[in-house]
Amino acid sequence: AMPTPRQKQTIGAFEHSLLVAVALIQPRSHASAWEVAHLFSSAQGYAQLDDLMRAGASAAARHGADRLFLLSPDPGPAVRPAERTGFRRVFAEQVFTGLLSNSTTSEVTLRRVERSDVYKVFRLHAAALPSSARQAVGITLEQWAAARERATGRTEEFVWDTKQGLMAWLW
């Protein structure tokens, strides 16, 4: 198992001794992959976001990171500063929620992820992503594992395993 570092870094931008923008960066599942977990600015601090993101990238690199992730809605206020400071768009993520109800479709049997499933889950994940996203998230199992987002609270992972192999992974 890879170590899970706990260090977080808070970086602020100030104008006339007033805090106008702040970023919280933290490691994901390993010190080699970090994320901008929170990014806030006042109207006056928006112009400081470029420098704040550069400072965040430098701080992550000093802690051993070779990748820094930023999740942002698009369009969103962080998109332009991110693009100006070298972040590149990798893929869009859509999150859906719905109501559970009786269905006429066939039942799918899920089971909890086991240690022996990790490489299969990695291969399933890699097969579902375009190559540009695989390069950013991680080409090797170790890179992918390091870049996984940390779950907060109680989480469980499930797979749909068939005779043909893993068909789905739910996290």
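**Exercise 1. Find where S17 sits in this predicted model, then decide whether S17 is buried or exposed.**

Step 1: Start with location. S17 is in the loop that links strand 1 and strand 2.

Step 2: Check the backbone. Phi of S17 is positive, about 65°, even though S17 is not a glycine.

Step 3: Now the surface. The cut-off for exposed is over 50% relative accessible area. S17 comes out at 71% relative accessibility, so it counts as exposed.

**Exercise 2. Do the same for H16: which loop holds it, and is it buried or exposed?**

Step 1: H16 belongs to the loop between strand 1 and strand 2.

Step 2: Its phi is near 50°, again a positive value in a residue other than glycine.

Step 3: H16 has 77% relative accessibility and therefore counts as exposed.

**Exercise 3. Work out which residues of the largest nonpolar core touch the most other members, and which elements give two or more residues to this core.**

Step 1: Pick out the hubs. This core has 18 residues, and I25, W34, L52, A60, L68 and F87 touch the most other members.

Step 2: Map the core onto elements. Strand 1 (9-15), strand 2 (18-30), strand 3 (33-41) and helix 1 (49-62) each give two or more residues. Helix 1 supplies the largest share, 5 residues.

Step 3: Zoom in on L68. Skipping neighbours within four places in sequence, L68 is in contact with W34, E35, V36, G56, A57, A60 and F87.

Step 4: Look for anything separate. Another core, of 12 residues, lies apart from this one, and its members include A33, V121, L129 and A147.

Technical notes
Residues numbered from 1 in each chain as written. Predicted model: local features only at pLDDT ≥ 70, side-chain atom pairs only at ≥ 80, totals over all residues. Heavy atoms only, no water. Core = buried A, V, L, I, M, F, W, Y, C linked by side-chain atoms within 4.5 Å. Buried < 20%, exposed > 50% of the residue type's maximum accessible area, 1.4 Å probe, protein only. Helix = DSSP H or I, 4+ residues; strand = E, 2+ residues; numbered from the N terminus. Contact = heavy atoms within 4.5 Å.
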